[in-house]
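Let's take a friendly walk through a few parts of this protein model. Keep the picture open beside you and find each place as we go.

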Amino acid sequence: MRVVADAVNDGDHDVVLVVDLGAQYAQLIARRIREAHVFSEIVPRSMPVTEMLKKRPKAIILSGGPASVHLDAAPSIDPSLYDSGVPVLGICYGAQLIARDLGGEVAKTGRGEYGGTDLTVAQPGALFREQPSEQVVWMSHSDTITSAPQGFRVFASTPETPAAAFGDPDRRVYGLQFHPEVAHTDQGRDILKAFLFDVAGCRPTWTNVSIIERAVADIRAQVGDKQVICGLSGGVDSAVAAALVHKAVGDQLTCVFVDTGLLRLNEAEQVEETFRRQFNLDLVHVKAGDRFLNALNDVVEPEAKRKIIGETFIRVFEEVARDMSDARFLVQGTLYPDIVESGGGDNAVIKSHHNVGGLPEDMNFELVEPLSALFKDEVRAVGEELGLPEEIVWRQPFPGPGLGVRIIGTITPERVEILQRADAIVVEEIRRAGLYREIWQSFAVLPAVRTVGVMGDDRTYAYPIVIRAVTSDDAMTADWARLPYEVLERISSRLINEVPGVNRVAYDVTSKPPGTIEWE
C-alpha cells in the first residue's frame with residue numbers, strides 16, 4: 001500500500017499549489033518556488049477548486065500549456081477560483097485563461113513570440129518593483145493577450161503582446177504571458193518572489209532542516225514501534241531515505257541490499273564497505289542475480305522488464321521480512337519525478353519506475369517514502385544536512401532496474417558483463433576529465449545488435465556501445481552533454497581495446513524531451 005505525502009498544511013509551512021495545465025515547465029515552476037523556501041505542490045487540472053481550497057493554499061499558480069484557449073476541449077479552471085480570496089498567478093496559458101475568463105481578449109494574431117523577447121515595464125506594480133524598465137523574458141506562445149480584463153492594470157508589454165503582464169491588486173489576481181520560471185528570463189526569480197512574498201505573504205520556512213524535521217515526525221507517526229526494512233541500493237536516494245528513517249526510528253531499521261546481477265562493476269563490494277563497515281548499519285545482503293536473470297529470460301519489452309524487476313524486488317523483501325517477524329514497512333527512495341513519470345495525477349505514463357508503476361498489487365508492505373515530495377536537488381541538500389559523505393550525496397543517478405534497462409533487447413550474462421566493463425570505463429574517464437559533478441548522468445548502453453568491424457586485419461562481428469551523458473537540474477528535462485572530443489576519443493579507444501565483444505562506439509545527442517535519459 002502506498003501512502004502518498006500530501007501538501008504541508010499543518011501550519012508550519014505555507015503551501016503554494018501549481019495547477020498543471022499541460023505544461024512541460026510545471027515541475028520547474030514548483031522547483032523555483034521551493035528554491036525561495038516555500039513549499040509547492042503540483043495538482044492536476046481535474047482537481048475541483050473546492051478540493052484545492054481544502055489544502056489551505058497561500059497562493060495558486062496556473063501553469064502554461066500547449067493548448068489554445070479557443071479550443072472547446074482546452075484545459076480550463078473553475079472561475080470561482082478568482083473570487084476565492086487566494087492570490088492567483090497565471091503563467092503563459094494560465095494568463096490567457098485568466099484573461100479569457102474575466103473578460104479580456106486573447107487573439108489569434110498570427111504573430112507568436114518564441115525565445116528571448118524584450119519586455120517594457122510601464123507600471124511596476126507589486127511584481128516589478130525596483131526592477132529594470134527594460135528586460136529580456138522568455139516567450140513561447142502563439143495566441144496573444146491583446147487586452148486585460150476590465151479593472152485590471154497592464155504592467156508590461158512586448159512588441160507583439162500589449163498585455164504581457166497584468167493584474168488586479170485588489171483581487172490579487174495576476175497574469176504573465178512570459179515564463180518567469182526559466183533561466184532565460186532575466187528577472188524571473190525576482191518576479192516569482194515578489195508574487196510569493198509581497199502579494200501572497202508567504203513565509204520562507206521550507207528549508208533543509210525543516211524538511212528533515214517533518215520527515216522524521218511523519219516516519220515516527222507512520223511506523224510507531226514496528227520493524228522497518230529499507231531497500232538500499234547504494235545510490236543517493238535510497239541512502240538519504242535510509243539515513244532519514246534511521247534518524248527517526250534507530251535500530252528498528254534493517255537495510256536490505258539486493259544484488260540483482262544487474263549492478264555496476266564491483267557495486268556489491270562498495271555497498272558492503274560503505275554501509276556496513278563505515279556507517280555500521282544493520283545490512284542484509286541478498287545475492288539474487290540468478291533469480292532476476294531467470295525472471296527476465298527472453299523479455300525484450302521495457303515496461304515488462306521494469307514490472308518484472310519491481311515485483312521480484314518486492315518478493316525478495318517479503319522473504320526477508322518473514323525472517324524478521326513479518327516487518328510490514330518498506331522504505332523506498334521514491335522521488336517526486338518518479339511519481340510524475342509513472343503517471344501520477346493527470347500525467348501520461350512515460351515509463352513505470354520499478355518502485356512506483358512496477359510494484360505488484362498484492363504486496364504485503366506499507367511503503368515509507370520520505371522523499372516522495374522532493375526533487376533530486378532537494379534530496380542531495382538533505383543528504384548533506386544529514387552528514388552523508390560527498391561520494392554518496394553527489395553520486396550520479398543509477399536506475400533501480402539497473403543494467404536491465406540499459407541492455408536494449410534480451411538480457412544475458414554475457415551482455416551484462418560487457419556492459420558492466422564498458423560502463424566502468426565511461427564513468428572512470430568522466431571522472432578523470434573532472435566532469436563528474438558537472439554531468440547529471442553518464443553511462444553506457446548496449447543495444448543487442450551486432451555490427452561488422454575490422455580489428456587486426458580480421459573481420460569482427462560484435463556489439464556497439466552507445467555513450468549517454470546529459471546535463472540537468474532535476475531529471476524532468478535534460479540536455480545532452482557537450483563532452484570534449486578528446487574525452488570521447490579516450491572512451492572510444494578504451495572500450496574497443498579493453499572490452500571483448502565491442503567493436504563500435506556511438507554518442508547519443510538526444511535531449512529530454514523528446515528522448516528520456518535512460519534508453520528504456
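Glu267 sits in helix α7, which covers residues 267–278. Helices here are DSSP runs of H or I with at least four residues, strands are runs of E with at least two, and both are numbered from the N terminus. This is a predicted model, where local features need pLDDT of at least 70, side-chain atom pairs count only at pLDDT 80 or more, and totals for chains, interfaces and linings use all residues. Residues are numbered from 1 along each chain as its sequence is written, and side-chain values use heavy atoms, with hydrogens and water left out.

Is Glu267 buried or exposed? Glu267 is buried, with a relative accessible area of 2%. Buried means under 20% relative accessible area, exposed means over 50%, and partly exposed lies in between (1.4 Å probe, protein chains only). Not counting residues up to four places away in sequence, Glu267 touches Ser233 and Arg395; contact means heavy atoms within 4.5 Å. Gly234 is 33 residues from Glu267 along the chain, and their C-alpha atoms are separated by 8.1 Å.

**Two helices that cross**

Two packed helices are described by the angle between their axes and the distance between the axes. Helix α5 (residues 208–223) and helix α6 (residues 236–249) have axes that come within 9 Å and cross at roughly 65 degrees. Axes are lines fitted to C-alpha atoms, for helices over the stretch in contact, with angles from 0 to 180 degrees between N-to-C directions. On the α5 side, Ile212, Ala215, Val216, Ile219, Arg220 and Val223 meet Leu244, Val245, Lys247, Ala248 and Val249 of α6. Sorted by class, this contact has nine nonpolar, no polar and two charged residues. Ala, Val, Leu, Ile, Met, Phe, Trp, Tyr, Cys and Pro count as nonpolar, Asp, Glu, Lys and Arg as charged, and the others, Gly among them, as polar.

The buried residues of α5 include Ser210, Ile211 and Ile212. Which elements do the buried residues of α5 pack against? They pack against β12 (228–231), α6, β15 (329–331), β16 (366–368) and α11 (376–385). Just after α5, Gly224 takes a positive phi of about 65 degrees.

Ala243 is also in helix α6. Leaving aside neighbours within four places in sequence, Ala243 is in contact with Leu386 and Leu388.

**A helix with two sides**

In helix α14 (residues 485–498), the buried residues are Val487, Leu488, Ile491, Arg494 and Leu495. They cover an arc of only 135 degrees around the axis, so they lie on the same side of α14. The arc is that of the directions from the helix axis to the C-beta atoms. On the other side of α14, Tyr485, Glu489 and Asn497 are exposed. The buried residues of α14 pack against α13 (413–432), β20 (458–471) and β22 (502–507).

**Positive phi in two loops**

Most residues other than glycine have a negative phi, and most peptide bonds are trans. Here are two residues with a positive phi although neither is a glycine.

| Residue | Phi | Loop between | Relative accessible area |
|---|---|---|---|
| Cys92 | about 55 degrees | β4 (88–91) and α3 (93–101) | 4%, buried |
| Arg172 | about 60 degrees | β10 (165–168) and β11 (173–176) | 29%, partly exposed |
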